[in-house]
Amino acid sequence: MRAPASVSLNAPVRVCVRVCSREESRAGRQERDSIQRGGSRASPRVDTLNEDSRQGRRRRLKETEWWTAATRLRGRLFCVRQRARVLSPCDPAQRGQTLMMARRRMMGGARSLMLVLLGHLASALDVPLDLPQPPTITHQSPKDYIIDPRESIVIHCEAKGKPHPSFSWTRNGSHFDVEQHANVHMKPHSGTLVVDISRERAEHYEGVYQCTARNKHGTAISNNIVVRQPRSPLWSKEKIKPIIIQEGVSLKLPCRPPAGFPPPIVFWMDNNFQRLPQSNRVSQSLNGDLYFSNVLREDSRNDYICYARFPHTQTIQQKQPITVKVLTLDAINDTMAAFYNDTDLFREEPVDERRPTFVVPSVPSSSKMVLHGQVLEMECIAEGLPTPDISWAKVSGELPATRASFLHYQKTLRVVNVSEADAGEYRCTARNRHGTAHHTVHVTVKAAPYWLSSAPENLVLAPGENGVLTCRASGTPKPDIQWAMNGIPVENSPKDPSRKVEDDTIIFSDVQMGSSAVYQCNISNEHGYLLANAFVNVLSEPPRVLTPANTVYQVIKNHPALMDCTSFGSPVPRITWFKDSRFGTLDAETHNVHDNGTLEIHVAQARNSGKYTCVAQNSLGIYENHVHLEVKEATRILKQPEYRVVQRGRSVVFECKVKHDPSLVPTMTWLKDHGELPDDESRFIVDSDSLTITGVTEGDAGVYTCIMNTTLDHDSASAELTVVEVTPTLSVVNERPEPPTDLELTDQKKRSVQLTWIPGDEHNSPVQKFVIQFEDTLHHHRGHWHNLTEVSGSKTTAHLKLSPYVHYTFRVLAVNSMGVSRPSLPSKTYKTEAAAPDENPADVHGFGTEHDNLVISWKPLSGLQANGPGLHYRVMWRQKLLDSEWTAVTVANNSKFVVSGTPTFAPYEIKVQAVNDYGAAPEPAVAHGYSGEDLPVAAPDSVRAYVLNSTLAEVHWEPVPPKLIRGYLKGYQVYYWRERSLHKHNGHHTEKQILTFSRNHSHAKLPGLHPFSLYSFNVRVYNGKGEGPPSATQQFETPEGAVASRQVDIATQGWFIGLMCAIALLILILLIICFIQRNKGGKYPVKEKEDAHTDPEFQPMKDEDCTFGEYSDNEDHKPLKGSRTPSSGTVKRDDSDDSLVDYGEGGDGQFNEDGSFIGQYSGQSASRDAAECPQSSEAPSPINPMNSLNSFV
């Protein structure tokens, strides 16, 4: 089986270029090493390359041969940094030193050093995809592919080339015919396999797969991709007996989970699915067993349950619960005596305290093998009483501080990213007050193959040129190296006189057209393999410049300026720069043209602004490109806010006066404690150059920062506000403290330093805190101080965390209740080394300003965040949902980039990565945005209207499909107008009205229409750009408003008015009769009533008039205060549902059909009287006739 290439290349094809120093290539090398290391358990070797032929090629070249091979490159030395499409410059001094060193060593006859030099020549430049080129695999699945049973199997294999490559697959070394498998298909224009496992068992497709991409210029092969199905076998059934144990002894609860693939994650929980508490005394081992150094009575429980979780199958297996009973000696004897003829089972004394002994491992020493780049885990678990403490040490050196950590309460030592230096003896020590125990672990480090510099890069040569492919890797044991061409061992490939294979290097001399091919380098040992594809493409092409024409670069004065001239040609073109015209030469002392064509101005000044021309020229032609440079004035805070101490209730003003370039738009922002200002505009008043706080409170104390931002730079300054209480004047004179003295820097590290000082006189007011400030003379003018940190007034030292690439000078200020001291004298300058950025730009957004563009913007990094010189941004984008490759450009001295020629309103994924001369920031997060909007191109369909009544209609339509909206859907607009009244004597009305409905509506109501009228309407969709075309105009007619007119006519009729008057007169007569009847009842003397009943609270009602005797004679005719609810129930409403309760907030009153209110003054009173005399027959209640009238009316 052929060994597959392990490198997945997402960038365009690159050309081999120049010698780079070791420091320059370190960042890219570490990234590639992380991909290549670890190999695969299915590590194939190229079987057809036998050991004899391999040994036969291991011979030494003469110095003259190597020197000739190097000099024939004829100056094709290009600096390579993995910047997409634009190559960053290398330090010219480093380049010169590297070449001089190489020449001296070659003159000394060291062939191996010449190999190192030629290996560094393997760099790359993008090859435009419109040019002929062999295939390059751009994306492939990882070497180990675990099937997800819920989804289809997708084995990726993507490649590019000109012409576009065709694809084929092998499975377990044999050709895999996709057409013969109904459940398998290959994606169009791709080699990606998709296997539908919904209709067939997944294990039928397990195996080792390999992809081949070929066109007429060569063949590239992928990794061996091992496809396996995850397995989660069931736990074997077992009957677990309860464990009865004496307090103080050690205990092990075995887990022994089922062996699945991948191995399960083991943890212990109780019946309530809560994790069991672990500690220094109780902990879980790496194999899942639970160990007790000594048991306590509180360890007794019946639900020690071991769980095994299999992530890939989404299953959790549970072991039978284990019961543990911890008893004292007497309790155990009493419990178990019956089983052993009443004989004591244990000694009479309780368990003694004891020195530690190891239970894992149980032998004095052990050994462990770990692979380079992987994780080393060692554990030591000890029993003893009291509980032992575990510590670790490396006998043969020190533990790696940044890569070592301790887990499981110091019982596990974990070392990540293991290297050969981690081999040796490690000792774990268990200690309690009775003694110690030791265990020694002998660690050996072996390695699957890993790249020493980088994988071989694609090589583009012109006819007659020379080149080198180098495949340099290491491993333990030493790996074997095998070369193949187009997937065939190189010794079995067609002979090529321009090709010479020497161990890990292929030298090409005087290449000719037709020599293009893809070479595979396979490096393997017993622990894994590496395999890389690198093509040799022989082209003859005139130069072209890939940097967009008329690009505008903006830079701040006194900062470096970089202008790109990314070019391609074969032979490699020579780049020349001119200013303003072809005769405007550039000063070599202030300008530098890097090997990749980038022009650098070391310190940009206003006079450097203007038009620049880069000329790319080779033997086949010449190409010009123009760019523009604008040098802007820096943003500077001229007057910084000052530290203030203010009494509560007073006002305070912080000033922040700023100077900026007039062509840049500034934005002033104030922060409090690094957050927004409190939301109280009446007290926090922000002006153009100041912040005023009125009515100061204790909560206003804090650090206030003014930030002036422009599109290119920003400046900030901070000051603290201290709020004190109003206190009476004391006889003791308090003053501000004296400044600290004798500043000293100690414990100097790359990103930290310790600052010490001697406090000054406190002047009768204790120092509350010290404020440490710093000045950065590298990025700012002198006198520009920033607050770094604060420490308590009781301390005279501070551990300061620093940023890379800053020239720090420190000073200290003392603060007491009276104010802040003068600054101390500055410390010595401390310069930190440059490094790659730690973070990427924030606030990444993507939006469109035109229908065919995408504007990518971000918040640029500050000088402190840059971490080094040469800050620029790698801007990447790709259209979402198309599974396309990322397109990338490099942007310097700007905070936005415009992508032109985009489809209208298409979703995009966006990334912006910060890069400087020392490397790139971590992989940036993906932001999302849309390209520009355009007017909708379609109108709503199926437009129709439904007339609800004479003044209201409802319009319905089918929403416009999102693709036709071509933007953010804002809503729909209904245009409608009254054509005319349907009465013959009324004329035409053409005034249009518009109703707007936001978002995705499909219907709307048109209120306020005129009855008996003809209306026309249409519907339009609108987005952020505007509205689309109208739908076809439709019409509808409203009916006459008959119901309302009849009601008005009845209310104005004379007979209706007379009827209402008669009813009112009848009601008055009935009320008078009722009043007379109620006054016929007599009175009982109070004395008789008291004699008959001692408790007036329980007086019976009189049968005749339902009163309580004399006490109710006068009061019965008054309404009960606060009474709203009848005692016998509620008054029934009319059957009609047409009440105010249905249209408003509700109520207790009733309404007649004509809308008159009769509830509160009649209904409630009626309820009360009916309750007082429910069976009265002397006179009819005045309420009953009223109710009758209600139903009548």
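Biologist: What makes the disulfide of Cys471 and Cys521 left-handed?

Modeller: The torsion about the S-S bond of Cys471 and Cys521 is about -75 degrees, so this disulfide is left-handed. Bear in mind that this is a predicted model, where local features need pLDDT of at least 70, side-chain atom pairs count only at pLDDT 80 or more, and totals for chains, interfaces and linings use all residues. Residues are numbered from 1 along each chain as its sequence is written, and side-chain values use heavy atoms, with hydrogens and water left out.

Biologist: Why is the pair Cys471 and Cys521 called a disulfide?

Modeller: The term asks for a pair of cysteine sulfur atoms within 2.5 Å. Cys471 and Cys521 have an S to S distance of 1.5 Å, so they qualify.

Biologist: Lovely. Why is Cys471 called buried?

Modeller: Buried means under 20% relative accessible area (exposed is over 50%, partly exposed in between; 1.4 Å probe, protein chains only). Cys471 has 0% relative accessibility, so Cys471 counts as buried. Cys521, also at 0%, counts as buried.

Biologist: And what makes the link of Cys656 and Cys706 right-handed?

Modeller: Here the torsion about the S-S bond is about 65 degrees, so the disulfide of Cys656 and Cys706 is right-handed. Cys656 lies in the loop between strand S49 (652-655) and strand S50 (657-659), and Cys706 in strand S55 (residues 702-709), so the pair ties together parts 50 residues apart in sequence. Strands are DSSP runs (E, at least two residues), numbered from the N terminus.

Biologist: How do you know that Cys656 is buried?

Modeller: Its relative accessible area is 1%, so Cys656 is buried.

Technical notes: Helices (H or I, at least four residues) and strands (E, at least two) are DSSP runs, numbered from the N terminus.
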